[in-house]
Amino acid sequence: MDMLKKCKECQKEKPLDEFQKHKHYKDGCLNKCKECVSLNYKKKRNINIDEFIAKSDCSFSFSLE
Ligand SMILES: [Zn+2]
């Protein structure tokens, strides 16, 4: 019998197989399902690039003041 775990991100109950394994978590799995993790990863990559550009713009204009 598969144990179900609720994804913190999409709030859906899924079998543990659907969660990424992570040794730092008590039950050995991340609290986000693989689907959400991969979606977040894609989003984060875009955000990080935007943040990086925004931050470098910020420090650049700041140093000019
Ligand atoms: Zn999810």
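Two residues count as in contact if their C-beta atoms, placed from the backbone, lie within 7 Å.

**Figure 1. The whole chain, a predicted model with one helix and four strands.** Going by that contact rule, residues 24 or more positions apart supply 17% of the protein's contacts with a separation of 6 or more. Helices (H or I, at least four residues) and strands (E, at least two) are DSSP runs, numbered from the N terminus. Starting at the N terminus, the order is β-β-β-β-α. Buried residues (20 or more other C-beta atoms within 10 Å of their own; exposed means 12 or fewer, partly exposed is in between, and C-beta atoms are placed from the backbone) make up 8% of the 65 residues. Numbering starts from 1 along each chain as its sequence is written. As this is a predicted model, local features need pLDDT of at least 70 and side-chain atom pairs count only at pLDDT 80 or more, while totals for chains, interfaces and linings use all residues.

**Figure 2. How confidence varies along the protein.** pLDDT is the predictor's confidence in each residue, from 0 to 100. Its mean over the protein is 77, with 74% of residues at 70 or more. Strand E2 (residues 13-15) has the highest confidence, at 93, and helix H1 (residues 34-64) has the lowest, at a mean of 70. Over residues 60-65 pLDDT stays under 50, and the model gives this stretch zero contacts beyond four places in sequence.

**Figure 3. Gln11, a loop residue with a positive phi.** Look between strand E1 (4-6) and E2 and you'll find Gln11 in the loop. Most residues other than glycine have a negative phi. Gln11 has a phi near 65 degrees. Gln11 is exposed, because just 7 other C-beta atoms lie within 10 Å.

**Figure 4. Lys32, a buried lysine in strand E4.** Strand E4 covers residues 29-33, and Lys32 is part of that strand. Why does Lys32 count as buried? Because Lys32 has 20 C-beta neighbours inside 10 Å. Setting aside neighbours within four places in sequence, Lys32 is in contact with Cys7, Lys8, Glu9 and Val37. Take Cys7: Lys32 is 25 residues from Cys7 in sequence, yet the two are 4.8 Å apart in space, C-alpha to C-alpha.
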